[in-house]
Amino acid sequence: MSTKKVTGFKYFLWILPFMVLVFLFSYFPLHGWIYAFYDYKPPRPLSKCEFVGLHWFEMLFSNETQVSQLIQVMKNTFAMSILGIATSILPLFFAIFLNEIKNKKFRTFVQTFTTLPNFISWVLVFSVAFALFSSGGMVNYVLMNLGILKEPVKFLDSDSYTYLKMVLWSMWKGLGWGSIIYLSSIAGIDQELYEAASIDGAGRFQKMRYITIPELMPTFFVMLMMAVSNFLNNGMDQYYVFQNSFNKEHIQVLDLYVYNIGMTGSSYSLATAISMLKSVISVALLTVCNLVSKGVRGETII
Amino acid sequence: MKRRLGCLALSGIMAASLLSGCGAESKAADVASAGGDYSKELILDVYDDFANYNGEQTGWFAKVIKDKFNIKLNIIAPNVAGGGDTLYQTRTAAGDLGDLILVGTTNGRLDDLIDSGLVIDMSDYLKGKEVLDTYKDAIDAANEGHDGIYAMPYSVSTDPATEPGESTEPTFGPYVRWDYYAELGYPEVKDLDGLLDMLEKMQKLAREKEGKDDIYAMSFFKDWDGNMMNNAKQPCCMYGYDELGFVLSKFDGSEDISILDEKSPYLDVLRLFYEANKRGLVDPDSTTQNFDIMSSKYSEGKILFCPWPWASKSYFNTVDNVAEGKGYEMIPIKDMKIFSYGAHPLGDTNRAIAIGSQAEDPQRIADFIEWLYTPEGVECNEQGNGSAGPKGLTWDLDDEGKPYLTEFGKKALPSNSVDVPDEWGGGSWKDGVSALNFQCVNLSDPDADAGGAKYDYTTWDSYLADAETPLQRDWSEHMDGARTTMEYLKKNDMLGVAPGSAYTTPAEDSNISTIRAQVKTTIVDGSWKMIFAKSDAEFENYKKEMIKTAKGLGFDDCLKIDMQNAKDQTEARKEAAELGK
């Protein structure tokens, strides 16, 4: 064996543990897809369950009501994802403006303060929301004692502006965190560009407009593409904690729908079938996104 | 080079350890300790469908079983964990439900557990034990269709099936703040609409009297919603119906009606609640609160109406409150016929207790289970359901051999936060109550240790004599001199007893289960929206939408099965009633 080959083999051994990890956590679980083709009922093992072929896939489209529910769920998923993507530009501007603050102490304070919510779990966020906005919560209590309201406003248990409320909550939670990557990109921008711009007489906003933003665009597009591939996975914990009988129609996104009918409704097979469909669509979206990126910007991520 | 080799070895080990982490299963060794060697402490994982507490059993009950069997109970409660069947399914899929298993057997669950080898046949461990003779028929009924003893029965009774299973209080009933009712001049209540009018007046009175705005006639919570909204089902039960899937079935089998039928009492109740909300009688927290928050309101007496004695009387009628003349009592609604679960001479086959196949010391667990069926076991384990607790602490026998509550017992029962003496385990009485929430033997049965008096201490002569408070006396005076609620209901023929049969719903096709799960949510969500609708038009709209969606998803397919089940249940009830004669 040549030295080159031996070195190559050694390098291969270096990455082996990580390949094992990737295999174990990303590919190995895929064997669970087999449940989608069985009538699986725990505690009976799969060998004792009936093979039903594509039955569960057909069931999703079996009747009008089923389809219209699925359509509503997809509407919610798309709406929240689009709103999420539309607001993903905000961390970028937040980072740019934050960077312009010259008082270092204040800047660090703002950054820490806005990043912290990211580390609070949705369950706790909901308990904060409950304490503030439930019918006996602080906001209603104050407004009623001031005589502004007669009846408590139902912030949590009504279906008005559900999308908007959800987007605001997730923005509150994710704004600071999302801006970190842009802040580090800004730090990486060549200072000479700014100096040259100053000599040319560019003002602060012009520097932002002609240097900072264009320099941040590559990062932004990578983030955007990742967001698009996650279009259908817009999380479920947020919607799970906020859901109730009143807002379910508009809060039920695909992941939550799968959970609601699969786990609580004890149909693992159906839930597996839906999530299989979801994976397929996600891969398709990513491919499309990649193609568009290649055509428009001449860059790909895969 | 050496260093590199070390790195290689390390990465190899890493990969190996990753792989070995999965799949390695530690099979518990079968160390049977026949003859009762309890020297090693045993911690049991108890999977309990009925427990409302999650974690280690503490306090006096823990002390009793630690002393007797050297065991500790680690309770795993799906009720607390939430998420419906998720916990049951993930645990069974993993092949270990628990060491001690208390489980609902409907929908073919027990068969599933037995067929997949998750519970063991305890015949050998129970050999020669008294419980096999005493409860032979019930044990046979619990294991019908199986060879061996896999499950032990629930709520076995010596009463015939046509006798109510409840002793002094019914399971359902219109309970209100009796002190306000008295102040209103004991108005006659003809029907549910009349109840609403009365409650409106009562709410006005209570608010004026207490000077508080947060007193409401009704309060709801969502935790127990299943096939339908749980709160809205309760008034149906006051008219002799009980749910079976999407069917409301009358106690005597005379009527089985779909909950979405135009004439269904369930829809009537939704309208009633809507009306109540329109008149400002419904607690606005209802839509977001859980059972704990709601029950704390009952402890403060802030909600005037309650469909259950155990959520109102048990929480609010403390010694102090009753002494002040405050308390919840049942009022008669002229046309009511309260559903009552009949006694189960063969045990209630909807629930069972079993030993898990991965249990470490099945002999000791079997000993423990047997103990639960002995007088001492019933007195201690079922205290949370209404028995008296350990003899010598809360109660004792007088010179004539009749039971009475000790001073401590009077303070501690039914479940008050009273400090327990250290030799009995310390801690608070309330926290020490058995969390199993499983009645092996019905509380109306005679207790051999108490001279044949019933396990339910509220039926003891000494207790009834002591319980003569002004509140109780006032209530009794206006209720034809009845001493207990059940006595009044029986006398006035307001009780519809469904004979206690050995019927359990059979396993269901998973196609139907899936449809059912979706229909359930549709009905529950729709019901909540209807009650809190802003106008009659909106109410009708939600109703129409709910029925349309439910039917579109396949409501009728589920209903067909439920109707058949209801018929079978009625047959089984008739059979059980015949058997008792």
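Is A:A129 buried, exposed or partly exposed, and how many other C-beta atoms lie within 10 Å? In this predicted model, A:A129 is partly exposed, because 18 other C-beta atoms are found within 10 Å, whereas a residue is taken as buried at 20 or more and as exposed at 12 or fewer. The residue belongs to helix α6 of chain A, which spans residues 122-133. In sequence A:A129 is separated from A:F242 by 113 residues, yet the C-alpha atoms of these two residues are 9.2 Å apart in space.

A helix pair of chain A was examined next. Two packed helices are described by the angle between their axes and the distance between the axes. Helix α9 of chain A, residues 191-199, packs against helix α10 of chain A, residues 204-229, at an angle of about 145° and with 11 Å between the axes, and the crossing of α9(A) past α10(A) is right-handed. On the α9(A) side the contact involves A:L193, A:Y194 and A:A197, which meet A:K207, A:Y210 and A:I211 of α10(A). Sorted by class, this contact holds five nonpolar residues and one charged residue, with no polar residues.

In chain B, the domain assignment distinguishes domain 1 (42-156 + 346-454), domain 2 (175-343 + 464-498) and domain 3 (510-580). The C-alpha centres of domain 2 of chain B and domain 3 of chain B are separated by 23 Å, and the contact between these domains brings 21 residues of domain 2 of chain B together with 23 residues of domain 3 of chain B. On the domain 2 side, the elements that contribute two or more residues are β7 (247-250), β8 (256-258) and α12 (265-278) of chain B, and α12(B) gives the most, with four residues. The composition of this side of domain 2 of chain B comprises eleven nonpolar, eight polar and two charged residues.

Two of these elements, β7(B) and β8(B), also belong to an open sheet of three strands in chain B, ordered β6-β7-β8 and paired in the antiparallel sense. Strands β6 and β8 of chain B occupy the edges and each has a single partner strand, so one side of each is left without a neighbour in the sheet. From one strand to the next the twist averages 30°. Strand β6 of chain B, residues 241-244, is joined to β7(B) by four bridges; within this pairing B:Y241 stands opposite B:K250, and B:D242 stands opposite B:S249. The two strands form a hairpin with two residues between them, and B:G245 in the turn has a positive phi of about 65°. On the other side of the sheet order, three bridges connect β7(B) to the antiparallel strand β8(B), where B:D256 is the bridge partner of B:S249. The hairpin of β7(B) and β8(B) has five residues between the strands, and B:G253 takes a positive phi near 75°.

In a regular strand the side chains alternate between the two faces of the sheet. For β7(B), both faces are covered, with B:V247 and B:S249 on one side and B:L248 and B:K250 on the other, and these four residues are all buried.

A further open sheet in chain B consists of three strands in the order β9-β5-β10, again with antiparallel pairing. Here β9 (305-306) and β10 (328-330) of chain B stand at the edges with a single partner strand each, so one side of each is left without a neighbour in the sheet. Strand β5 of chain B, residues 175-177, pairs with β9(B) over two bridges in the antiparallel sense, and B:Y175 stands opposite B:C306 of β9(B).

The contact between the two chains takes 34 residues from chain B and 35 residues from chain A. On the chain B side, at least two residues are supplied by each of α1 (2-21), α4 (86-93), α5 (109-115), α23 (510-531) and α24 (536-553). Among these helices α23(B) gives the most, with ten residues. The side of chain B that touches chain A is made up of twelve nonpolar, 16 polar and six charged residues.

Note on methods: Residues numbered from 1 in each chain as written. Chains lettered and ligands numbered in written order. Predicted model: local features only at pLDDT ≥ 70, side-chain atom pairs only at ≥ 80, totals over all residues. Domains from an automatic or database assignment. Contact = placed C-beta atoms within 7 Å. Nonpolar A, V, L, I, M, F, W, Y, C, P; charged D, E, K, R; others polar. Pairing = 2+ DSSP bridges. Axes fitted to C-alpha atoms, helices over the stretch in contact; angles between N-to-C directions. Left-handed = near helix turned anticlockwise from the far one by under 90°.
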